[in-house]
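Okay, thanks everyone for coming. I'd like to walk you through one structure today, so let me put it up on the screen.

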Amino acid sequence: MAASAAIAGKPSAPMPAAKSAPLDRRRTFAFFCMVFGMFMAILDIQIVSASLAEIQAGLSASSDEISWVQTSYLIAEVIMIPLSGTLSRVLSTRWMFVIASGGFTLMSFMCATSTSIEEMIVWRALQGFIGGGMIPTVFASAFTIFPPEKRPVISPIIGLVATLAPTVGPTIGGYLTDMFSWHWLFLVNIVPGIFVTISTYLLVDFDEPDWSLFKTFDWAGLGFMAVFLGSLEFVLEEGPINDWFQDEAVLILTVLCVVTAIAFFYRVFTAKHPIVDLRAFTDRNFMAGSAFSFVMGIGLYGLTYLYPVYLGRVRGYSSLQIGETMFVSGACMFLMAPVAGMLSRKLDPRVMMAIGFGCFAFGTWQFTGLTKDWDFWELFMPQVFRGVGLMICMVPINNIALGTLPPDRIKNASGLYNLTRNLGGAVGLALINTALNNRWDLHLQRLRESVNWSRSTAVETLNTMTMGFQSLGSDANHAALKTVSNMVRREALVMSFSDVFVLLTILFLALVCALPFVKKPKAAPPADAGH
C-alpha cells in the first residue's frame, strides 16, 4: 500500500495515484468509526468514578466491594491491551475490532442489568477485557493506513480521544446519574456500540487475517502475562488502601506478580513466537515515547482522580457538581486539538513536549496554594493548564513512539505503547494515594499537637461551639469536640493535597529538564527492515 510505504520511509506513490484510490474516503470514515469505539472503551474507565456511591446503593454493596467495579475493569483491560497486537494479526483488524466493539456493547448491557455486586464485577471485567482490544487497534491503524503528511491531522484526533475520554468521564457519568440513573452509565454505550460494530464489519478492510499464527500461539506466555499484569494492577490499586504488605491478599499477589513476571520475561525472550514482541523497545524513539507515555498516564489518570476526591471529600460536591467542575479540562483539550496539530507541523516535538509538560507543572504548582474554600473559579486555571498541556504533549509523544516504526511492527508496538500509559496511571495512583495517606497522617499528628487543652485559641473555639450546640443538652460538648476533630482532619487532608501537587510539579519539571537528552526522531525505517 502507498500509505504503508510512506510510513516505512520509502518513496511514496505520486499524489494523483493516492487520490485515485477508491477506498480512501471509505477507509477514513471507517477509521473514525473505530475512533468512536475507542472513545467509549476509554470513557468507561472513568465514567463510573463520580457515581460509585449511587451504584453501591443500587446494588446494596459494601464500601470494600464497590471499588471492584473500577478495579475489575482496569485489571481486565490491562491484560488485553498488549495481547491485542497478536490477536489483530491473527484475526485481522476488521474482525478484531468487530469482536471487541460487539462484546463491549453486550457487556455494557449486562452491566446495566446487574442485580448484585458479584454480577457487576463479572460483567465489568469482561467489558474491560473485550473492549480493551479497541484502544491499541485504533493507534496501530492510524499509523498504517495514513501517510506521514496526514499525521498532523490524525495524531491530534487520537490524542484528543485518548486523553479527553477519561477526563470527561466523571462529567458524563455525573450528568447521566443525576438525570436518569446509574444504569445509564452503561446503557449509553448500546446504540453507538451497535453502530460501530456494524460499520466496522462493513467498511474496514485494512489487512487480512493470518490464521496460521494460531498454530504457534504462545498459550503459556498468555497465562504468565495475564497473571503478571492482573496481579500487578491489583497490588497497585489495593495496596495504598490496605496499607500495602500488611494486607495478606496484597502480599500474596505481590509474590505471584514477581514470580510470573520472571516467567513471562523468560518466555518472551526464549519462545520462538512470543505472545508479546518486546523488540520494539530496541527502537530508541519507541522507548523514549513509551517512557513519556508512562508519565503522561500519571498526569492523565492521577489528576482525574485527585480533583474528584478533593471536591467530594473536602467540598462535599455531588457527582453532577464534580462533573461540571471538571469539564474545564475537557473543553480546553477539545479546543487545543487543532492547535496541537498545527504546532506539530512547525515545532520540534521536543519543544512541544517541553511546552506541554511546562503547562502541566505550572497547573499543578498553582494547586499547591489549595485551601478548603477553593471552588470552580480557583480550580479553573489549573485545569486550563492541564488540558492545554495534555494535548500539546500527546501528539508528539504518539509520533515519536509509533511514527518511526515499520508497518509490520506497529500492531504489536501499539499494544505495548498503550499499556505504558495505563500502567503509568496505575503506578501514579498508587504513589499518589500512598503519599496522600502518609502526609495526611503526618499533618494530623502536627495539628493535634497544636490543637490541645494548652492552647487558648483551641479552648475558646471549643467553648464557642459548645454554646452553639446547647440545644443538644448534655451532648453539646461531645458535638463540639466532634466538629473540631472533623475540622482538624479536613485541614490535614487539604495540606496533604498540597504536598502531592508539589511532588507532581517536581515530576513534570524534571521531564522538561530531561528533554534535551532526547534525540530528535528520524524518518521511519524501510518496510523491508521489518520483513
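Let's start with a small one: in which helix is A331 found? A331 is in helix α16. Before I go on, a word on what you're looking at: this is a predicted model, where local features need pLDDT of at least 70, side-chain atom pairs count only at pLDDT 80 or more, and totals for chains, interfaces and linings use all residues. Residues are numbered from 1 along each chain as its sequence is written, and side-chain values use heavy atoms, with hydrogens and water left out.

Back to A331. With a relative accessible area of 26%, A331 is partly exposed; on this scale buried means under 20% relative accessible area, exposed means over 50%, and partly exposed is in between, using a 1.4 Å probe and protein chains only. A331 also has a distant partner in sequence: L164 is 167 residues away along the chain, and the two are 8.7 Å apart in space, C-alpha to C-alpha.

Now the overall picture. The protein has 21 helices and zero strands. Those are DSSP runs numbered from the N terminus, with H or I and at least four residues for a helix, E and at least two for a strand. Of the 531 residues, 55% are buried. And if you take contacts between residues at least 6 apart in sequence, 84% of them join residues at least 24 apart. Contact here means heavy atoms within 4.5 Å.

Next, have a look at α6, residues 68-91. There's a kink of about 45 degrees in this helix, centred on L83. The bend at a residue is the angle between axes fitted to the seven residues ending there and the seven starting there. The helix is mostly covered, with 22 of its 24 residues buried. S84 is in α6 too, and S84 is buried, at a relative accessible area of 2%. What does S84 touch, not counting residues up to four places away in sequence? M96, G133, P136 and G415.

Just after α6 comes S92, in the loop between α6 and α7, which is 93-112. S92 has a phi near 90 degrees, a positive value in a residue other than glycine. S92 is buried as well, with a relative accessible area of 2%.

On to empty space. Rolling a probe the size of a water molecule over the atoms shows where empty space is left. In practice, we use a 1 Å grid over the protein atoms alone: a cavity is a set of points where a 1.4 Å probe fits but cannot get out, a pocket is an open set with protein on both sides within 12 Å along at least five of seven lines, and lining residues have an atom within 4 Å of a point. Grid points are joined across faces, edges and corners, and a volume is the space filled by probe spheres set on the points.

The largest pocket holds about 1200 Å³. It is lined by 41 residues, and the closest to its centre are L52, S67, I241, Y305 and V309. Helices that each supply at least two lining residues include α3 (24-46), α6, α13 (219-238) and α19 (407-450). By class, the lining has 20 nonpolar, 16 polar and five charged residues. For the classes, Ala, Val, Leu, Ile, Met, Phe, Trp, Tyr, Cys and Pro count as nonpolar, Asp, Glu, Lys and Arg as charged, and the others, Gly among them, as polar.

How many cavities of 30 Å³ or more are there? The count comes to one, and its space is about 40 Å³. Its lining residues include L303, Y307, P382 and F501. The helix giving the most to that lining is α17, with three residues.

Y307 comes up again with Q383, which sits in helix α18, residues 376-402: Q383 touches Y307, T325, M326, V328 and S329, leaving out residues up to four places away in sequence. Q383 counts as buried, at 0% relative accessibility. The side chain of Q383 reaches the backbone oxygen of T325 at 2.8 Å.

Last stop, V235 in α13. V235 is buried, with a relative accessible area of 7%. V235 and A426 are 191 residues apart in sequence, and 9.5 Å apart in space, C-alpha to C-alpha.

Definitions and conventions
Polar contact = N/O pair within 3.5 Å; in protein donor to acceptor, adjacent residues only side chain to side chain.
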